[in-house]
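Student: I should like to take a close look at a single part of this chain and to see how it is placed among its surroundings. Could you please guide me through one helix and the side chains that meet it?

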Amino acid sequence: MDWNLFGCARRGHATYAPDEPELRDRLMAPAAAGTAWRCLRCGAFVTGGPRGGGPAAAAPLIRRGTELRSELILRVFAVERFLRFWIFGLAAYGAWRFTSDRAGIQRAYDHALPAIRALYGDLGFNVSHSKLLVLIQHVFTLSPRWLTLLAVGLAVYALVELAEAAGLWLGQRWGEYLAAAATSIFLPLEVYELAGKVTWLRVAALVINLVLVIYLVWTKRLFGVRGGKVAYKARLRSESVIEVDQAALAEAAPGQPGPDTPADAEGQPVGDKRPGRGAAAAGPQSEAGPGRPRGYRRPDPAAVPAPAADSASPAGNADALVPAAGQQGGSQ
């Protein structure tokens with residue numbers, strides 16, 4: 001599955017017009033319906049004006065590939081956190097109402113208790129083993145002060161769950177840190193409760209929270225894991241369409257080894273450089289003038305043996321050189 005196309009199908013194409021002329025030319029192309037701009041997410045050219053513009057350094061870091069899949073997974077966790085917000089929010093509201101109208105809530109509970117017992121019986125559960133009903137009956141024995149503290153605690157926890165849900169849904173890094181930290185705090189308590197009695201609900205809650213913490217810390221590189229935020233941002237930039245095009249322009253800039261220039265051509269002596277495309281057309285060249293093969297260098301006087309007595313003659317000097325293939329001007 002192409003996650004880039006999936007992301008563009010949900011959000012639309014992300015186009016950007018940089019101020020740099022050369023980079024701008026690489027991100028646009030003429031089309032029958034007008035100028036087409038390259039999408040920074042899927043890489044396709046789409047017609048219509050760009051959605052943004054400005055310096056290339058100010059271009060948004062578009063999440064691509066596996067980051068889009070990770071975003072979808074985190075939104076599943078965000079929905080679960082939002083459900084928790086509603087559950088604990090209703091519990092906080094119930095505890096607050098109970099402090100002001102304890103008698104009315106007690107009567108409503110006693111009136112609904114037979115129906116609750118019948119429902120438990122139809123589902124095959126023993127109502128006497130229900131911890132929820134035991135907890136409700138225990139709440140009736142609490143003083144108004146403790147009920148107020150309980151309502152405040154439940155409300156705070158509900159707001160934390162809401163903040164986690166919002167941060168994970170929007171893909172914000174602060175939301176990922178908040179979700180990892182808040183979930184890790186309650187992991188020891190969940191393990192302790194599971195050690196007392198194993199139930200499928202406790203096992204599911206522990207597995208979900210443990211998987212969320214590990215997934216966030218590892219994939220989002222939280223708390224300095226795998227290089228931390230710096231490495232995470234560097235990976236996003238390495239997948240950016242604008243960053244890739246900027247790197248291609250930098251490689252093709254003057255003074256840089258390009259595809260037609262050997263990588264080791266720089267730093268070599270003049271006589272040792274390899275011939276380019278125009279070497280054959282230009283003909284043989286030499287340091288002193290025509291007539292010597294390309295790449296000829298004067299021999300070191302200290303390394304060359306002393307010439308014979310008649311080496312000063314032109315014939316003797318001509319034998320000391322080996323003419324290159326295609327050398328102009330041979331012996332007449």
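Tutor: The following account concerns helix α6 and its partners, with a short view of the whole chain first.

This is a predicted model, in which local features need pLDDT of at least 70 and side-chain atom pairs count only at pLDDT 80 or more, while totals for chains, interfaces and linings use all residues. Residues are numbered from 1 along each chain as its sequence is written, and side-chain values use heavy atoms, with hydrogens and water left out.

The chain contains 12 helices and five strands; these are DSSP runs, numbered from the N terminus, with helices being H or I of at least four residues and strands being E of at least two. Of its 332 residues, 29% count as buried. Here buried means under 20% relative accessible area, exposed means over 50%, and partly exposed lies in between, with a 1.4 Å probe and protein chains only. Among contacts with a separation of 6 or more, 62% join residues 24 or more positions apart, a contact being heavy atoms within 4.5 Å.

Helix α6 spans residues 144-170, and Tyr-157 has its place there. Tyr-157 counts as buried because its relative accessibility is 18%. Leaving aside neighbours within four places in sequence, Tyr-157 is in contact with Arg-84, Phe-88 and Phe-186. Arg-84 is 73 residues away from Tyr-157 along the chain, yet their C-alpha atoms are separated by 9.3 Å.

Leu-159 is also found in helix α6, but Leu-159 is exposed because its relative accessible area is 54%. Together with Phe-82, Trp-86, Leu-90 and Leu-162, Leu-159 makes a nonpolar surface patch of about 500 Å². The elements that give two or more residues to this patch are α3 (66-100) and α6, and the largest share, three residues, comes from α3. Such patches are made of residues with over 30% relative accessible area and no salt bridge; like charges are joined within 9 Å, and nonpolar side chains (Val, Leu, Ile, Met, Phe, Trp, Tyr) within 5 Å. The areas come from the Shrake-Rupley method with a 1.4 Å probe, and for residues only the protein chains shown count as cover.

Charged side chains also link these two helices. Side chains of opposite charge can pair when their charged atoms come close. A salt bridge is a side-chain nitrogen of Lys or Arg within 4 Å of a carboxyl oxygen of Asp or Glu, and by this rule the count comes to 11. In one of them, Arg-81 pairs with Glu-164, the closest N and O atoms being 2.9 Å apart. Arg-81 lies in helix α3 and Glu-164 in helix α6, so this pair ties together parts that are 83 residues apart in sequence. Arg-81 is buried, with a relative accessible area of 1%, and Glu-164 counts as buried at 1% relative accessibility. Salt bridges that share partners join Glu-80, Arg-81, Arg-84, Glu-161 and Glu-164 into one network. Within this setting, Glu-80 forms a salt bridge with Arg-81, with the closest N and O atoms 2.4 Å apart.

Helix α3 has a further link of this kind: the side chains of Arg-10 and Glu-71 meet in a salt bridge (3.3 Å, N to O). That pair joins distant parts of the chain, with Arg-10 in helix α1 (residues 3-11) and Glu-71 in helix α3, 61 residues apart. Arg-10 is partly exposed, with a relative accessible area of 38%, whereas Glu-71 counts as buried at 6%.
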